[in-house]
Amino acid sequence: MSRKLFTVGPVEVAADTLQAMNRPMITHRTKEYKALHKSIEDKLKEVLDTNYDILMVAGSATVLLEGAARSGISRKSLGLSSGSFGDRSIEVATTNGKMVDTVKVPLGKAVKPADIEGKVAADTEAVHWVSNESSSGVYCDSLALAEEVRSQNPDSLIMIDSVTSMFAMDLNFRKLEPDSVVFGTQKALSLPPGLAFAAVSPKFLAKAEKVENKGFYADFTKLKEKNDENYALTTPPVSLMYGVDYQLDKMLKEGMATRYRRHQEMADMVRKWANEKMQGVFPEEGYQSNSIGVVKRGDLDFDKFHSIIKSKGMEISGGYGSAKNTTFRIGHMGDLTCADIRNLLTVMDEALEEMKQ
């Protein structure tokens with residue numbers, strides 16, 4: 001039985017988007033491929049309002065988080081964490097031999113500038129964090145964090161995991177001026193998993209030229225060399241790229257300001273429901289994600305609740321990490337609409353009523 005996905009990812013993929021990927025295969029060393037590659041990069045630059053290089057590689061976003069750590073850090077970084085995926089970014093760096101100082105805040109809280117005062121040392125080559133922590137639903141103020149980092153060490157690279165925020169919330173590239181921002185296809189881009197992206201600054205690429213032992217597959221210098229020719233370093237998922245090109249056209253037609261407002265409206269609907277029917281949402285006030293609602297479930301039997309929802313043709317996500325047994329998560333991102341969220345909330349109300357019987 002097929003179900004409409006209101007999950008944290010992979011997310012619902014619209015029928016027209018699936019159809020856009022149903023095109024004859026081309027090889028990745030042709031003029032047709034070069035045109036597709038360039039089209040995607042040009043449209044991403046327009047959507048993000050940036051002139052940065054945008055690198056692409058087959059894989060989940062984690063492969064380019066690892067590539068960023070290997071390409072941008074020679075020895076030492078500072079990792080900020082507000083949950084499981086912040087912890088993962090620290091693990092990615094440490095398992096690649098980097099020394100990582102850490103700042104961690106309690107789950108449900110956001111890392112704030114005051115938390116990192118005096119923590120960015122002269123030898124801190126990069127500071128990395130997750131903009132939208134999908135284990136807790138916390139959305140950090142990346143602009144404020146970046147300003148604090150640069151006030152302490154203007155040479156430190158700003159490296160951001162934007163996997164569940166990109167295309168759902170405005171990172172404000174022009175003001176933020178990040179050095180590496182990584183994202184993928186399977187979240188608010190509303191596509192199947194399989195393609196990762198990194199928007200990288202000239203400052204990052206200059207640093208990468210000096211870093212040794214970057215590996216091969218996600219070496220940012222090698223990726224840029226091929227990207228400059230509108231080629232991929234290794235075999236790309238061409239069918240998925242057709243989908244990316246199509247989705248970017250849909251975004252540009254909708255308009256990014258409208259898209260961000262739609263995500264805000266969907267998030268507000270979920271938060272209102274959580275306050276009325278559950279125990280509210282998990283993240284602290286003022287730092288709540290517009291792509292993921294993490295709901296405090298209290299004594300709700302989530303497995304039974306979710307089973308009823310799935311029987312009605314919809315699916316959400318359970319809790320994650322240390323909040324696994326106290327929360328559940330609703331993905332409200334991508335091509336979903338307020339009407340979709342209303343339908344989901346109605347089904348969840350019905351499930352709660354059935355559980356009373």
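Select the sheet first: 7 strands form an open sheet in the order 2-10-9-8-5-3-4, with mixed pairing. Two strands pair if DSSP finds at least two bridges between them, and strands (E, at least two residues) and helices (H or I, at least four) are DSSP runs numbered from the N terminus. The edges are strand 2 (53-58) and strand 4 (99-104), each of which pairs on one side only. On average, neighbouring strands of this sheet are turned by 20° against each other, direction ignored. Axes are lines fitted to C-alpha atoms, for helices over the stretch in contact, and angles run from 0 to 180 degrees between N-to-C directions.

This is a predicted model, in which local features need pLDDT of at least 70 and side-chain atom pairs count only at pLDDT 80 or more, while totals for chains, interfaces and linings use all residues. Residues are numbered from 1 along each chain as its sequence is written, and side-chain values use heavy atoms, leaving out hydrogens and water.

Next, select strand 2 with strand 10 (residues 195-200): the two pair in the antiparallel sense over 6 bridges. Here alanine 58 stands opposite leucine 195 in strand 10. Then add helix 3 (residues 61-72), which packs on the sheet and touches strand 2, strand 8 (157-161), strand 9 (180-184) and strand 10. Its direction makes about 165° with that of strand 9. Contact means heavy atoms within 4.5 Å.

Move to the other edge and select strand 3 (residues 76-81), which runs parallel to strand 4 and is joined to it by 6 bridges. Leucine 80 stands opposite valine 103 in strand 4. With helix 4 (residues 84-94), strands 3 and 4 make a right-handed β-α-β unit; right-handed means that, with the strands pointing away from the viewer, the path from the first strand over the helix to the second runs clockwise.

Now select helix 10 (residues 256-277) and helix 12 (residues 338-356), whose axes come within 9 Å and cross at roughly 15°. Helix 10 is therefore roughly parallel to helix 12 (angles under 35 degrees count as roughly parallel, over 145 as roughly antiparallel, 65 to 115 as roughly perpendicular and the rest as oblique). Among the residues making the contact are Trp273 of helix 10 and Leu345 of helix 12.

Finally, keep helix 12 and add helix 11 (residues 302-311): these two pack at an angle of about 125°, with their axes 9 Å apart. Helix 11 and helix 12 are therefore oblique to each other. Their contact includes Phe305 of helix 11 and Met348 of helix 12.
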